Amino acid sequence: MEDFDSLISLSESPHSDPSVPVANATYLEGLNAPQRIAVETIDGPVLVLAGAGTGKTRVLTTRLAHILQSGRAMPGQILSVTFTNKAAQEMRRRVSSILGGQHVEGWWLGTFHALAARMLRVHADRVGLSSNFTILDSDDQVRLVKQLMDLQGIDQKKNPPKVVATKISSWKDKGLNPPDITGNDLGDEADRLALSLYRPYQERLIALNACDFGDLLLHMITIFKDPAHGDVLEDYHRRFKYIMVDEYQDTNVAQYLWLRLLAKKLNNICCVGDDDQSIYGWRGAEVDNILRFDQDFPGATIVRLEENYRSTEHILAAANGVISHNDNRLGKELFTSANSGDKIIVRGLWDGGAEARWACEEMEALQSKGWRASQMAVLVRTSFQMREFEERFIQLGLPYRVIGGPRFYERMEIRDALAYLRVVVQSSDDLALERIINKPKRGLGDSTLQTLYTHARVKQISLYVAIQDLCQTEELKPKVRGTLMRLIDDFERWKSLASSMAQSELAGLILDESGYLGMWQTDKAPDSPGRVENLKELTSSMEEFEGLQTFLEHIALVLDNQDSNNQESITLMTLHGAKGLEFDCVFLPGWEDGLFPSQRSMDENGLKGLEEERRLAYVGITRARKKAFISFVGNRRMHGSWVNAIPSRFVDELPKAHIEANSEMGMYSAGGNQGRSSHWDSSGIGVQSRLVVEVERKTISGFSMGTRVFHEKFGYGKIIHIDGQKLDVAFEKSGQKRVMDSFVRQA
DNA sequence: TGGATTCGCGTTTTT
DNA sequence: CGCGAATCCA
C-alpha cells in the first residue's frame, strides 16, 4: 500500500533545496509565440491543438517546468498523464533534464492506467477490493468469461468468449457499469448476452480480489461519482493543482471522465493533441473528446500550433493534401520554414517481393551516400507485410530491427512463470492456478479440472482450497490425488520461503522445482531456447524490485518493450507503432485499396473508418523529415492466394506538384489520369510487369548452379543457389551475395 | 489424457 | 498458405 504523504514530501524535497536549479529560464527561448502563450497561460483550461512535428510534448514539458519554476505548484501537485509507458518515460526524461537531473520518480507522471491503479490501491475497500488486488490481463479476462459461459451452458461457438470479453471491456472503456447500460448501448443478441454476463463477471472479479484493465479507471470513476465517497475526490482536488494530458485525441470516454472529474474543481487542465493523428478509434478513442473541449471547460484557451519543425515543404504539402480529404476535422494547415526538399517518390511495382527489392535498393543507395540506417524506417499497414522486407534485409545483410510484435510480458512462457508467482502471492488466484496446473504436463486434464471446479463452486471456495479439500477425501483417483498433493506441498513450501528469500532467487527456484524451466529446456522446438532465455531474463529483472507484489504490478502496468538497442539499423514497424517518432527517410509500402485503406476498416466503420485510415496515411507521411517513398503493387499475396490490387485512393490524393512518380517502368503516371482504375488499366503496371516476369522465367530456366552471369550494376558473378524464380548470385568484384530475379543475363 | 488430425480463418494494439 | 484451436480417436 502506498503512503501518499510520504510521496508528496519525497517529491517536494528537491524543490525545496535552493541549491538545486529548477527550470532553466532560457528554455523558453526558441519557442514561438503561440507556444509561449500555451506555456505561460498558467491558470484555466488550455487546449493546445498541434499538428505533427510541432513539438507538442515539448510544450507540455516546458509548461510543467514553468509551473514549478514559478512556484505555482510542487512536483507532487501536478498530475501529468500520457498514453503509453514509452511516452511516460520520454516525458520523465525530458522533465528531469529541464530540471537539472532531478528525480521524477514518485511524481504523478505516468499512464492513465498506472496512475489510476495507484489511486485504486489506496481506495480499494470502497469497491469491495483489498489493496493488494491482482491485475488481470486480457488473456485472463477471456478465461474468466469462458468459465462463466461454461457454467451457464452457453454455446461458445455462436458467442465466442473473446467477443463477450471485448464487449465488456468496451463498456468499461465507455465508463459504463452494468446498470448504466441502456437500450441504446445494446445492438443485437450478442450484446444482450454480454450484458447478462457483465454482472456475474464483475462479482467474480471482486471475489478473486482482481481487476481487469478497464476496472482500474472505472472503479475510480465510480468512487469519484458516489456522494458517499465524496471525500476521495475532494482529497484529489486539494492535491492536484494542475493537470496535463498528452495525446488527448486518444483518450477514451473512461479516461475522459476520470480527467474531467479530477479537473472540474480548479479547471487547471492543459491538453495537447492533434485530431488528425487520432488513429486509435478502433480501441475506443473518442475524437469527440478533443472536439468538445471548450464546451467541457468553458473559457478554455485554445492554441493552434501549425508550424512544423520536422519536415521539408514537399512532404508537408503532400501530407496536408491527403488529410484535407477528411471532412470531420478541426482543420489545420501545417506550414514550415524549412526548404522545399525532395518530392515524395511514388512507385508502382509488380508484387510485394519486387517492392521490397526496390525499397532496399533505394536504401542501399542512400546509405552509400552517407544516410544512416537508423534514420530510415519502413512503415507498413499490417504486420504480414513485414515478412517480405525481413527476408530481403536478411538476404542483403542489411541490419534491421522490428518494433512491435508480442511484448515481453505477453509471451506465453512469461505469463506462465508469472502465474506461478501469482499463486504464491495469492493462492486464491484461480485463473493463475488453472493456467499452470498442467504445465508442465502432470496428467491433470480437463476432467480433473472439472471435478475441482465443481467442488470449489459448491463449497464456495477457491480452486486452491478445493484441491486441499479433495485431497483429504477418497474422491480422486490415487494417482491424481498424489500429483495434486505434491503440487500443493510445493506451493506451500514456496510460500513459506517467500518472506526469507530474495524474490529473483525464489522465482528461479520455483521455475526449476516445478519443472517448468526443464520443460522448455528439453523441448526441441526451435523457439524453446529463446523461451529459456526469456525466463532467465525475467528472474534477473526481478532483482531491482522490493517484493513480488511490486514486481507483479510493474509487469502488468509498466514494463515496456526494452528497445534500448539504438543500433545502426533500419526500423521496420507498423504505422501505428510509428506515432510520435521521426526519421530522415520513410518508406511507405503497400498503398493499395483494401490493404491501405484497410477493407475491413471501411466495411465496419464506413466513412469514419476511411477517415481514420487517412489519418494513418497522414501520420505515415509526416514521420519523414527529408525523404518519403510511397509504393503500391499490382499483385499482393494475401493469406495464401494472389490477389490483384489497385493503387490506394490515397495515392491519387497526393498533390501532383509534390510527388515524383516513376515513369521509367510505366508504372504510374502523375497527372492526366482521372479515375482510379485508369492508372491501372491504361498506364498498366500489370501489363508491363508481367512481361518482365515472363522474361525472367525463361531466362532463369536456362541457368543452373555455377553459371556465370553478368549484371549491369554488380558486374560478373556466379549462381550459387536457385529457388524457383530467384537466383542467389555471388559477385566477384564486390564479394557480395545478392538475390537476383531480374536483369540477369549470361556473360 | 494426450497425440494426431482436421478445421477455420486471416488489421491496427495499449494497459 | 500457415497457424492456432477444436475435435477425434487410441
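I take a polar contact to be a pair of N or O atoms within 3.5 Å. I keep that cut-off at hand for the entries below, and I note that this model is predicted.

**Entry 1: phosphate contacts of DNA strand B**

I looked up Ser447. One of its polar side-chain atoms lies 2.3 Å from a phosphate oxygen of DNA strand B. I then checked Ser383, where a polar side-chain atom is 2.5 Å from a phosphate oxygen of that strand. Asn85 uses its backbone instead: a backbone N or O atom sits 2.6 Å from a phosphate oxygen of DNA strand B. Next I asked which elements give two or more residues to the surface near DNA strand B. I found α19 (446-459) and α26 (599-621).

**Entry 2: the surroundings of DNA strand B**

How many residues surround DNA strand B? I read 28, and the closest are Ser383, Arg407, Ser447, Thr448 and Thr574. I sorted this surface by class and got 5 nonpolar, 15 polar and 8 charged residues. I also looked at the DNA side. Of the strand B atoms within 4 Å of the protein, 55% belong to sugar or phosphate, and the rest belong to bases.

**Entry 3: DNA strand C**

I turned to DNA strand C. Lys157, His639 and Gly640 surround it. Of its atoms within 4 Å of the protein, 38% are in sugar or phosphate, with the rest in bases.

**Entry 4: the sheet**

I traced an open sheet of 6 strands with parallel pairing. Its order is β3-β2-β6-β7-β1-β8. Which strands are at the edges? They are β3 (108-111) and β8 (301-305), and each pairs on one side only. From one strand to the next, the twist averages 10 degrees. I then followed one pairing. Strand β1 (residues 46-50) runs parallel to β8, and the two share 5 bridges. At Ala50, I found that the bridge partner in β8 is Leu305.

**Entry 5: cysteines**

I searched for disulfides. A disulfide is a covalent bond between the sulfur atoms of two cysteines. I counted sulfur pairs within 2.5 Å, and the total was 0 disulfides. Cys271 is in none, and the nearest cysteine sulfur, in Cys270, is 6.7 Å away. Is Cys271 buried or exposed? Its relative accessibility is 0%, so Cys271 counts as buried.

Why does Cys360 have no bond to Cys585? The Cys585 sulfur is the closest cysteine sulfur to that of Cys360, but the distance is 12 Å, which is too far for a bond. Cys360 also counts as buried, because its relative accessibility is 0%.

Technical notes:
Residues numbered from 1 in each chain as written. Chains lettered and ligands numbered in written order. Predicted model: local features only at pLDDT ≥ 70, side-chain atom pairs only at ≥ 80, totals over all residues. Heavy atoms only, no water. Near = heavy atom within 4 Å. Polar contact = N/O pair within 3.5 Å; in protein donor to acceptor, adjacent residues only side chain to side chain. Helix = DSSP H or I, 4+ residues; strand = E, 2+ residues; numbered from the N terminus. Nonpolar A, V, L, I, M, F, W, Y, C, P; charged D, E, K, R; others polar. Buried < 20%, exposed > 50% of the residue type's maximum accessible area, 1.4 Å probe, protein only. Pairing = 2+ DSSP bridges. Axes fitted to C-alpha atoms, helices over the stretch in contact; angles between N-to-C directions.
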